[in-house]
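Biologist: I'm new to this one, so could you walk me through it? I'd like to hear the reasoning behind each label.

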Amino acid sequence: MSLADTLADLPASPGVYQYFDGEGRLLYVGKAKNLRNRVRSYWRFTPSLRPNPDQSPRILKMLHEARSLEYLVVESEADALILENSLIKQLKPKYNILLRDDKTYPYLYLDESAPFPRFELTRKVVRGKKVRYYGPFPSGGRALLEALYFLFPLVQKAGCLRGKKACLFHQIGRCPAPCEGKITPEEYRKTVETAKAAIHNLPLILGRLEERMMELAARERFEEAATVRDRIEAIRGLEIHSEIDLARQEDYDIFAIDPGSD
C-alpha cells in the first residue's frame with residue numbers, strides 16, 4: 001500500500017505510527033490520541049501530497065525521506081504512550097532524538113528491599129527484584145510524588161535515615177522518625193502500602209488534598225493553600241492504567257499515566 005493510500009485509510013483511534021524510507025528502514029515513531037488527525041497533520045494534500053511546511057526542519061527532512069507508513073491501534077492514549085516509548089528505545093529510529101535512551105519521561109519508583117523505602121522520581125531504571133515503578137509521567141509526576149509525602153507520614157528525605165535525631169518533619173507529623181527508632185520497619189511498611197494503594201485511587205488523593213487546601217485557606221495560610229491547589233491541578237488529569245513497559249522486558253510493576261491531552 002502506498003503512503004497516500006495509508007494516509008487515506010487511517011482510523012480515528014489512539015495508536016502508534018511509524019515512517020519508513022524507500023529501503024524499509026525505520027525513520028520515526030510517534031503516538032497519537034487520534035491517528036487520522038495526527039498523522040495527516042504532517043501533510044498537505046492539494047494540489048498533490050507534500051510535507052506540511054509548518055513542521056520543524058528535522059521532521060520535514062524525515063517526511064521527504066518517508067516512502068511508507070505503518071500504524072498500530074491500541075486501546076487508549078496511555079497505551080500509545082507506553083508503546084511509543086518502548087519502540088523508540090528498542091529500535092532507535094533515526095529521527096527520534098528525545099526518547100532514544102532511558103532518560104525519557106520520569107518514573108516514580110520504590111525500592112521495597114530497603115527497611116524504610118522512599119518514593120523517588122527517576123529517569124533511569126534501577127534494576128532490582130523488589131523495585132516497583134509507576135509511570136512514565138509526561139507531566140504531573142513530581143506533583144504526585146509531593147502529594148504522597150504531604151499526605152502520608154513517610155521518611156521525607158534520604159538524609160533522615162542517616163541522622164540520629166528527629167527532624168522538623170517529625171515535629172509537624174509528616175515523618176515517623178525511624179532515625180530515633182520511633183517506628184519499626186513492619187509498622188512503616190503499613191504506611192507504604194497505604195500510599196501505594198492511593199496511587200491507584202487518585203480521587204482519594206485529590207479529595208484529601210482539597211480538604212487540606214481548604215484547611216490552610218481557613219487558617220489564612222494562603223501561599224501554602226495555593227501550592228496545594230497547583231498540585232491538585234497537576235494531578236487531576238492523570239489516569240492510572242496497569243501496563244508493562246515493553247522495552248524493559250523484565251517483571252517490573254509499570255503503570256501508564258494518561259496525560260489527558262493530545
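**Cores and salt bridges**

Modeller: Sure. This is a predicted model. Its largest nonpolar core has 35 residues, and those with the most contacts inside it are L108, F119, I205, L209 and I235. Helix α5 gives the most to this core, with eight residues.

Biologist: And what makes K196 buried or exposed?

Modeller: K196 has 8% relative accessibility. Buried means under 20%, so K196 counts as buried. K196 sits in helix α7, residues 185–199.

Biologist: Why is the pair E112 and K196 called a salt bridge?

Modeller: Their closest N and O atoms are 2.6 Å apart. The cut-off is 4 Å, so the pair qualifies. The two residues are 84 apart in the chain, with E112 in the loop between β6 and β7.

Biologist: How do you know whether E112 is buried or exposed?

Modeller: E112 comes out at 15% relative accessibility. With the limit for buried at under 20%, E112 is therefore buried.

Biologist: What about R132, which meets E112 in a salt bridge: what makes R132 buried, exposed or partly exposed?

Modeller: R132 has a relative accessible area of 21%. Buried needs under 20% and exposed needs over 50%, so R132 is partly exposed. The R132 and E112 side chains meet at 3.5 Å, N to O. Both E112 and R132 belong to a network of salt bridges that also links R189, E193 and K196.

Terms used:
Residues are numbered from 1 along each chain as its sequence is written. This is a predicted model: local features need pLDDT of at least 70, side-chain atom pairs count only at pLDDT 80 or more; totals for chains, interfaces and linings use all residues. Side-chain values use heavy atoms; hydrogens and water are left out. Helices (H or I, at least four residues) and strands (E, at least two) are DSSP runs, numbered from the N terminus. Buried means under 20% relative accessible area, exposed over 50%, partly exposed in between (1.4 Å probe, protein chains only). A nonpolar core is a set of buried Ala, Val, Leu, Ile, Met, Phe, Trp, Tyr and Cys residues joined through side-chain atoms within 4.5 Å.
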